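Here are my notes on the model, as numbered points. They start with the aromatic rings and then move to helices and charges.

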Amino acid sequence: MPNAVTLVPAANPDQALQHFQSQFAFETDCWDTHDAMSKADPGFILLDARSPAMFAKGHVPGAINIPHGKIIQSRMSVYEKSSLFVTYCAGPHCNGAARAAAKLAQLGFPVKLMAGGVTGWLDEGFSLESGTGID
């Protein structure tokens, strides 16, 4: 007897492979971000899209803070257009990272989203740092 899971048939394996592999072009996870951030040059700029107050309370070490509403051409002109950004926000319940990613892409930057945001980061057992990061 069909249920909500089986009522709509699954995609064929070729379609499923294409779909799931394409996700990696758009997002990364907390574990891979943490590993990359432990290197001298992770190859991307980690961008926290939350408010400065939330950033100061706790953020991923090495992240910069630009709230998604502040991502505009004049502010982003200090970055090379080839700079890859990885955005995050509070977690799966927050769309700030997606808003930031959309704005960055609109401005011509390559971008990925860190799935899980701060919630995912903490779930992996990683720590946050506090402070504004401004001297």
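1. Aromatic pairs, overall. The structure is a predicted model. A search of the whole of it turns up four aromatic pairs. A pair of aromatic rings is described by the distance of the centres and the angle of the planes. Two of the pairs are taken up below.

2. Trp31 and Phe126. These two rings make a tilted pair. Their centres are 5.4 Å apart, and the planes meet at 40°. Trp31 belongs to helix H2, while Phe126 is in the segment after helix H6 (117–123), so the pair ties together parts that are 95 residues apart in sequence. How accessible are the two partners? Trp31 is partly exposed, at 48% relative accessibility. Phe126 is buried, with a relative accessible area of 10%; the cut-off for buried is under 20%. Ring pairs also bring in Trp121: Trp31, Trp121 and Phe126 are linked into a cluster.

3. Phe85 and Phe109. This pair is edge-to-face. The centre-to-centre distance is 5.3 Å, with 85° between the planes. Distant parts of the chain are linked here: Phe85 sits in strand S4 and Phe109 in the loop between H5 and S5, 24 residues apart. Both Phe85 and Phe109 are buried. Phe109 has a charged neighbour as well. The charged end of Lys81 sits over the ring of Phe109, 4.6 Å from the ring centre.

4. Helix H5. Which residues of H5 (residues 96–106) are buried? They are Gly96, Ala97, Ala100, Ala101 and Leu104. Viewed down the axis of H5, these buried residues fall within an arc of 135°, so they line one face of the helix. The cover over them includes strand S2 (45–48), helix H4 (73–76), strand S4 (85–88) and strand S5 (111–114). Strand S4 thus appears twice in these notes: as part of that cover, and as the home of Phe85. Just after H5, Gly108 adopts a positive phi of about 95°.

5. Thr33. This residue lies in helix H2 (residues 30–37). Is Thr33 buried or exposed? Thr33 counts as buried, at 1% relative accessibility. The Thr33 side chain reaches the backbone oxygen of Asp29 at 2.9 Å. Leaving aside residues up to four places away in sequence, Thr33 touches Thr28, Phe44, Leu46, Val86, Met114 and Trp121. Trp121 also belongs to the ring cluster with Trp31 and Phe126. Helix H2 holds Trp31 too, and Trp31 is partly exposed, whereas Thr33 is buried.

6. Salt bridges. How many does the structure hold? There are two. In one, the side chains of Asp35 and Lys39 meet, at 3.4 Å from N to O. Both ends of that bridge are partly exposed: Asp35 has a relative accessible area of 41%, and Lys39 has 46%. In the other, Arg50 bridges to Asp48, with the closest N and O atoms 2.8 Å apart. Arg50 and Asp48 are both buried.

7. For a second look on screen. Start with the buried bridge partners Arg50 and Asp48. Then turn to Lys81 over the ring of Phe109. Finish with the buried face of H5, including Ala100 and Leu104, and with Gly108 just after the helix.

Note on methods. Residues are numbered from 1 along each chain as its sequence is written. This is a predicted model: local features need pLDDT of at least 70, side-chain atom pairs count only at pLDDT 80 or more; totals for chains, interfaces and linings use all residues. Side-chain values use heavy atoms; hydrogens and water are left out. Buried means under 20% relative accessible area, exposed over 50%, partly exposed in between (1.4 Å probe, protein chains only). Helices (H or I, at least four residues) and strands (E, at least two) are DSSP runs, numbered from the N terminus. The arc is that of the directions from the helix axis to the C-beta atoms. Contact means heavy atoms within 4.5 Å. A salt bridge is a side-chain nitrogen of Lys or Arg within 4 Å of a carboxyl oxygen of Asp or Glu. A polar contact is a pair of N or O atoms within 3.5 Å; within protein, one must be able to donate a hydrogen and the other to accept it, and residues adjacent in sequence count only if both atoms are side-chain atoms. Rings of Phe, Tyr and Trp (its six-membered ring) pair if their centres lie within 6.5 Å; planes under 30 degrees apart count as stacked, over 60 as edge-to-face and the rest as tilted. A charge sits over a ring if NZ of Lys or CZ of Arg is within 6 Å of the ring centre and within 35 degrees of the ring normal.
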